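Colleague: Hey, I'm new to this one. Could you pull it up and walk me through it?

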Amino acid sequence: MSLPHSDLRVSALINWLSNSLSLDIQQLEIASSDASFRRYFRVKCPSGCHIVMDAPPDKENTEPFLRIAALFKAANLRVPDIYFTNIEQGFIALEDFGSSSLLDCLAAKNVDQLYQQALQSLLQLQTSIDINKCALPTYDTLLLERELGVFHDWFLENLLGLVLPVGIKNDLHDILIQSALAQPQVCVHRDYHSRNLMLINSCELGIIDFQDAVIGPISYDAASLLRDCYIRWPTEQVDNWIYQYYLQLIQTQLLAVDFGQFKRWFDLMGLQRHLKAIGIFSRLHLRDGKSAYLDDIPRTLSYISEVCANYAELSEFNRYLQQQIAPIYRSAL
């Protein structure tokens, strides 16, 4: 992909790499962008390749990324090595994990093995980071409410022109937040899905995009992975992965409840995340012009519908979802 000559951030980045770090740049190309204001460039030099994060200081704070990278590395998680930093300008030169995300590599023949590998890395994260010493923020009521607000503001109101009745909204929030806070608390990556797990040299699993990590519910990252907004697997297969993961949590003594309770936590946690995700996808389309994320809303909505249908306490929201939200959304396509 060609880079715009008028991009002042790119000019500053090249200047830093060439003049401050004395790197002989042979090629500079966009590697990826994400749902924030960050961009990533692949820089090719005679000595090899780096990934350089461009995080504009007026919009992004690089401190959490650097701090959590060190925290995860100390826990023996495979995160990128950090080679050079320029905090003032918002540039970080990182190890290049390549271009193969888990999403790119998943297929029926390898999905069990790759998901088992991803769940083992998740278990490593949950068992190796001491939540009493890691100084991460807490996934508290305020944060959960704020995330649910993204669904109401951007998907319902801005995209569909709907306002969820106050009584239904309050009941929904109470159910989801109480369930999240009742769970054992662990370190949570908070975006642990197939686009943020990289397959390095076809075998090793690397973790990226971890700067928003918090202390939060034990089911959150597993729900992100197994009910991924970007790919879907048969329900029976996913249920088997959930159960196998539950057994591992019991074995490591991170969990001491029956499977029915864990499954309820998992389902409601996934619902909270999917509501937030639909709001984010709508915001990316409406505010940032990143409309490709609209393609992920139907899959995410289907997860929401299925969970709501399985829990009687969600019946009022489910009725509104089926009678109001779904028809207006379909007509807006």
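Modeller: Sure, here is a quick chat through a pocket, some rings and a few single residues. It's a predicted model, where local features need pLDDT of at least 70, side-chain atom pairs count only at pLDDT 80 or more, and totals for chains, interfaces and linings use all residues. Residues are numbered from 1 along each chain as its sequence is written, and side-chain values use heavy atoms, with hydrogens and water left out.

Colleague: OK, how much space lies in the second largest pocket?

Modeller: About 190 Å³, a volume being the space filled by probe spheres set on grid points joined across faces, edges and corners. A pocket here is an open set of points on a 1 Å grid over the protein atoms alone where a 1.4 Å probe fits, with protein on both sides within 12 Å along at least five of seven lines; lining residues have an atom within 4 Å of a point.

Colleague: And which residues are closest to its centre?

Modeller: R227, R232, T235, D239 and E306, out of 13 that line that pocket. Helices α8 (235–251), α9 (259–286) and α10 (297–309) each give two or more residues to the lining; helices are DSSP runs of H or I, at least four residues, and strands are E runs of at least two, numbered from the N terminus.

Colleague: Switching topic: how many aromatic pairs are there?

Modeller: There are 16, counting Phe, Tyr and Trp rings (six-membered ring for Trp) whose centres lie within 6.5 Å. Y243, Y246, F259, F262 and F266 are linked into a cluster by ring pairs.

Colleague: Which charged end sits over the ring of Y230?

Modeller: That of R195, 3.8 Å from the ring's centre. The rule is NZ of Lys or CZ of Arg within 6 Å of the ring centre and within 35 degrees of the ring normal. R190 also lies over the face of Y139, at 5.3 Å.

Colleague: What about H193, buried or exposed?

Modeller: Buried, at 5% relative accessible area; buried means under 20%, exposed over 50%, partly exposed in between, with a 1.4 Å probe and protein chains only. H193 is in the loop between β6 (185–188) and β7 (197–200). Leaving out residues up to four places away in sequence, H193 touches S224, L225, D228, Y230 and R273, with contact meaning heavy atoms within 4.5 Å.

Colleague: And where does S22 lie?

Modeller: In the loop between α1 (8–20) and β1 (27–33). S22 is exposed at 59%, and has a positive phi of about 55° although it isn't a glycine.

Terms used: Rings of Phe, Tyr and Trp (its six-membered ring) pair if their centres lie within 6.5 Å; planes under 30 degrees apart count as stacked, over 60 as edge-to-face and the rest as tilted.
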